[in-house]
Amino acid sequence: MTVFRIWDYAHRGYHDERAKIPENSLAAFQRAVDCGYGAELDVHLTKDGELAVIHDESLKRMCGVEVNVCDLTMEELKQYRLQGTEESIPALQEVLDIFAGKTPLIVEIKTCGGNVNMLCAKVAAVLDKYKGAACIESFDPRAVFWFRRKRPDTVRGHLITKYTGQKTPHPVLGFLQENLLTNFLTVPDFIAMDIKHREMHAFQLCRLIYNVTEVSWTVRSPEQAQLIKDARGLIIFEAFDPKKELNEDVLETQPDPLDHSGNQE
């Protein structure tokens, strides 16, 4: 049985700047596994076609250098350190080796320019060999659609936020994405919703019509977490420990809407 529903997910790994555990670092992912959490992570395509786990397109925020991930090889990226620690930018395979099927992963596909097909194909090839539970999500509906066509059995999610005053990946795609107008093409298994904007009419209408699962990000308090759990959603959290601050009832007997197979193993 696919087990996505019974886990909470640490946002970019279970990171903690105070403990010098940067986001999207091997230390953050090891901590998530050790604490019994799944994790969400971000994947970019490097200059030499490798898969780097880092959120931003630029290294400025995390490494203090004004250079883009897509302009460097994986070997070059490895020379930089995250937030002044000894942690380097990991490759996707390194993260998968840490999880090794112990807890599930949500892999966010970070497209850049025209690399959507190559990036999706690379991610799919790595996940094809992975024995654990891993699903994909993206703000870019083209990536979600790619997986619907090429890997229909891979659980896929559509990331949503409100783009007012923010940079969009593409003006037209941003409008279509924000208003869930591509869902008839992408047919996502879940909507990964920015918790600040979960009352958006398009999202609520989508939940009503399609009975789609909500995965809320980024949940930063027990109160927010309980709100989502009461709505039978999943949480992507940071800045607190759900196991310590929530009394969770794990509904293992409930059917998992993210399970495509319908089989129990």
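**Working through a predicted model**

Leu-205 sits in helix α9, which covers residues 201-210 (helices are DSSP runs of H or I, at least four residues, and strands are E runs of at least two, numbered from the N terminus). This is a predicted model, where local features need pLDDT of at least 70 and side-chain atom pairs pLDDT 80 or more, while totals for chains, interfaces and linings use all residues. Residues are numbered from 1 along each chain as its sequence is written, and side-chain values use heavy atoms, with hydrogens and water left out.

**Exercise 1.** Work out whether Leu-205 is buried, partly exposed or exposed.

*Solution.* Start with the scale: buried is under 20% relative accessible area, exposed is over 50%, and partly exposed lies in between (1.4 Å probe, protein chains only). Leu-205 comes in at 48%, so call it partly exposed.

**Exercise 2.** Place Lys-110 and find its neighbours.

*Solution.* First, look in the loop between β4 (105-109) and α5 (116-129): Lys-110 is there. Next, check its cover: at 14% relative accessibility, Lys-110 is buried. Then list contacts (heavy atoms within 4.5 Å): leaving out residues up to four places away in sequence, Lys-110 touches Asp-42, Val-43, His-44, His-55 and Leu-119.

**Exercise 3.** Sort out the cysteines Cys-135 and Cys-206 by burial, then count the disulfides.

*Solution.* Cys-135 has a relative accessible area of 2%, so it's buried. Cys-206, at 5%, is buried too. Now apply the disulfide rule, a pair of cysteine sulfur atoms within 2.5 Å: the count is zero.
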